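Please take a moment to look over the sequence and the model below, and then follow the paragraphs that come after, which move from the whole chain to single residues.

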Amino acid sequence: SKATVSVLYWPGMSWVWRFIDKSTIRYPLQTKVLVAGCLTCAADVCVQKWIEGSDVEKERTGRIVAWRMCLHTPLAHYWFNYLDKAFGVSMAPRVVVKKIFLDQCVASPLVHLLFLPFMSLLEGATIDDAFRKLSSSYIDIMKASFYYWPFVHLLTFGVVPLRHRVLFTSFAGMIWMSVLSSMNQRAVDTLHGEANVQLGQQ
């Protein structure tokens, strides 16, 4: 809508936002990937340092950033474009609900199905360990997702213009990536604990 677009150009907007805004037009996917990577890095460092109270594990942060930049953000970019082509650009409640429903029933389960195996393989785990982690944590991740993303996407599809949707969800994703990173780390710790128990029994 004109009102929504005009907000993006209010006089007090910083030069940083103006630069990003223009970049989403000239280099849409590259801009979204870069911004998502920076935000994910900041989010995971904050979680490790201030929430978990531990030293920052750079390898862990690198893995979650790789997930966001290499897989999640490109998929979100093309997925949001597809939804607008399939249902139109209207931000009417009926259209918004359809997009949220399809997103939560199709995209979200598939993306999160890839997350734990992707992280496991980057951690050097075996295929068996990757699927064990998936089977132990997937349901919990999806439950948490259903409590968060449908409400975020009321704004994503109801207020935010298409070219800024991935950027908006990247900001919202700072919270979600913190949740995923913590849940992934708990799954890793659980697998390591089970492995140590098995070694102790041998």
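A residue is called buried when its relative accessible area is under 20%, exposed when that area is over 50%, and partly exposed in between. By this rule, 44% of the 202 residues of the chain count as buried. The model is a predicted one, and every value in this text is to be read with that in mind.

Consider the chain as a whole before turning to its parts. It has 7 helices and 0 strands, and so, if you walk along it from the N terminus, the order of elements reads α-α-α-α-α-α-α. Among the contacts in the chain with a separation of 6 or more, 71% join residues that lie 24 or more positions apart. As for the surface, the chain exposes about 11,300 Å², and carbon and sulfur atoms supply 69% of that area.

We can now look into one helix, α5, which spans residues 93–122 and in which F115 is found. Is F115 buried or exposed? With a relative accessible area of 0%, which is under the 20% limit, F115 counts as buried. If neighbours within four places in sequence are left aside, the residues in contact with F115 are I64, W67, I141, L180 and N184. A further distance helps to place F115 in the chain: its C-alpha atom is separated by 10.0 Å from that of A130, a residue 15 positions away along the chain.

Helix α5 also holds K99, and this residue, too, is buried, because its relative accessible area is 0%. Not counting residues up to four places away in sequence, K99 touches L83, D84, F87, G88, S90, F157 and R165.

The cysteines deserve a separate look. A disulfide is a covalent bond between the sulfur atoms of two cysteines. How many disulfides does the structure hold? The number is 0, and C41 shows why one pair does not qualify: the closest cysteine sulfur to that of C41 belongs to C38 and lies 7.5 Å away, which is too far for a bond, since the two sulfur atoms would have to be within 2.5 Å. With regard to accessibility, C41 is partly exposed, having a relative accessible area of 32%, and C105 likewise counts as partly exposed, at 46%. Both values fall between the 20% and 50% limits, which is why neither cysteine is called buried or exposed.

Terms used: Residues are numbered from 1 along each chain as its sequence is written. This is a predicted model: local features need pLDDT of at least 70, side-chain atom pairs count only at pLDDT 80 or more; totals for chains, interfaces and linings use all residues. Side-chain values use heavy atoms; hydrogens and water are left out. Helices (H or I, at least four residues) and strands (E, at least two) are DSSP runs, numbered from the N terminus. Buried means under 20% relative accessible area, exposed over 50%, partly exposed in between (1.4 Å probe, protein chains only). Contact means heavy atoms within 4.5 Å. Accessible areas come from the Shrake-Rupley method with a 1.4 Å probe; for residues, only the protein chains shown count as cover.
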